[in-house]
Amino acid sequence: MQQESPLPALEYRSVSHRYGETPAIKEINISLAEGEVVCLLGPSGCGKTTALRLAAGLEAPEKGSIWLHGEKVAGEGVMTAPEARNIGLVFQDYALFPHLTIADNVAFGIKDLANGDRKDRIHEVLKQVGMDQYEDSYPHMLSGGQQQRVALARALARNPNLILMDEPFSGLDARLRDEVRDRTLHILKKAGSAVLMVTHDAEEAMYMADRIVVMRDGLVIQSGTPEELYTQPTNAFVAEFFGEVNRISHKVTNGSIVTPVGTFPANVHHDGDEVEIIIRPEAFSLQPAPEKTIGPGHAKVLASKLLGRSSLIHMCTCETTGEELHLHARIAGRFLPEEGSIMSLKLDRQQAFVFPRT
Ligand code: ATP
């Protein structure tokens, strides 16, 4: 017998939304499988929060429809109330009620449970996030990381089918953020709910997500696993969003692109096309060269900096046009060639991408 494939936990079907004249979301199609953690990633104003608010039922879509587990909850004449969607929400500021104890904050979403069951559930979820000893405390008595855990417990209390998180770690300082992120990921994976999380931090998205949806100007630009987006970006915007890159602008001549760091095949581009070569700093490997002048495939070291786990080398090459090209190479560990020394460059082609110039 053929097994039915499970229904997506959340689906946006051709959803568009605008605020007055301002378009916020344009025809997005996104689907989340059961238990999948998906991050919406993009710069400020690209429509991430709007997408989340539409799923939560805090906005009604202007066009298209939203589905939860195969049931239409918004669009085309339907608008299910937020409280009837069984969704857990975690906001940027955690939105805990300051006048309620931690236990009462968690109780807020499960008022419909009988007294005893409610108490058990509160204890259970607070234990799940390691906060059960704080049931009688008030939010102001907790650190930012602890408040975030309570907000997560409140979201989990109803056993939601879907959890929506809006920049849930942005209020935490960098050191605490790593710890809270790690803990949150394991709690979410154990709980097994589908999660849609908004972030503008690519590293955070790669850390948390099974799949990342990159947005720009209200559109979905590319979606895939973190590895797919990092190794096979379909445009310069996505390539750049995942970390610093070197950009070389060039023209295609005789079916190839000749640059001081190597020759690239033109592939889909034609002679005369302006292209941009995006090279990740970690694509370079460097070897001291016997030469005293910069030729093709060579660069002069301008500065070398140890950044902890890696070293950053600032280099210049002589462009074929005579212009100087400034490049960054990132090498694992301590590698600090002397200023002024000439290096021969080797390039990992898997980390270099050719796109039309925009
Ligand atoms: P950020 O990362 O800064 O939170 P975002 O990617 O979440 O940004 P949205 O908040 O969804 O983006 O905003 C998308 C667009 O809609 C922006 O142009 C924004 O100015 C506009 N917008 C958002 N909320 C409103 C509102 N309530 N009224 C009018 N315009 C809005």
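A salt bridge is taken here as a side-chain nitrogen of Lys or Arg within 4 Å of a carboxyl oxygen of Asp or Glu. By this criterion, D178, R181, D201 and E204 are linked in a network of salt bridges, and the structure holds 13 salt bridges. The model is a predicted one, in which local features need pLDDT of at least 70 and side-chain atom pairs count only at pLDDT 80 or more, while totals for chains, interfaces and linings use all residues. Residues are numbered from 1 along each chain as its sequence is written, and side-chain values use heavy atoms, with hydrogens and water left out.

Side chains of opposite charge can pair when their charged atoms come close. Within the network, D201 forms a salt bridge with R181, and the closest N and O atoms are 3.7 Å apart. This pair links distant parts of the chain, 20 residues apart: D201 sits in the loop between β9 (194–199) and α6 (202–208), whereas R181 belongs to helix α5 (residues 174–191). Helices (H or I, at least four residues) and strands (E, at least two) are DSSP runs, numbered from the N terminus. To describe exposure, buried means under 20% relative accessible area, exposed over 50%, and partly exposed in between (1.4 Å probe, protein chains only). On this scale R181 is buried at 4% relative accessibility, while D201 is partly exposed at 26%.

Another salt bridge joins the side chains of R247 and E276, at 2.5 Å from N to O. Here too the pair links distant parts of the chain, with R247 in strand β12 (residues 246–251) and E276 in strand β15 (residues 274–279), 29 residues apart. R247 is partly exposed, with 34% relative accessibility, and E276 is buried, with a relative accessible area of 6%.

Helix α3 offers a further view of how side chains are arranged. The expected span of a helix is 1.5 Å times one less than its number of residues; for the 14 residues of α3 (residues 115–128) this should give 20 Å, and the end C-alpha atoms are indeed 20 Å apart. Its buried residues include R121, I122, V125 and L126. Seen down the axis of α3, the buried residues fall within an arc of 125°, so they line one face of the helix; the arc is that of the directions from the helix axis to the C-beta atoms. Elements covering these buried residues include α2 (102–107) and α4 (144–156), where contact means heavy atoms within 4.5 Å. The face turned away from the buried side carries the exposed residues K119, D120 and K127.

Helix α3 also contains a salt bridge of its own, between R121 and E124, with the closest N and O atoms 3.2 Å apart. These two residues lie 3 residues apart in the helix, about one turn. R121 is buried at a relative accessible area of 11%, and E124 is partly exposed at 47%. Just after α3, G130 takes a positive phi of about 70°.

Finally, 5 strands form an open sheet in the order β16-β20-β17-β18-β19, with antiparallel pairing. Two strands pair if DSSP finds at least two bridges between them. The edge strands, β16 (284–288) and β19 (324–332), each pair on one side only. Strands β16 and β20 (residues 342–347) run antiparallel and are joined by 5 bridges; L286 has L345 in β20 as its bridge partner.
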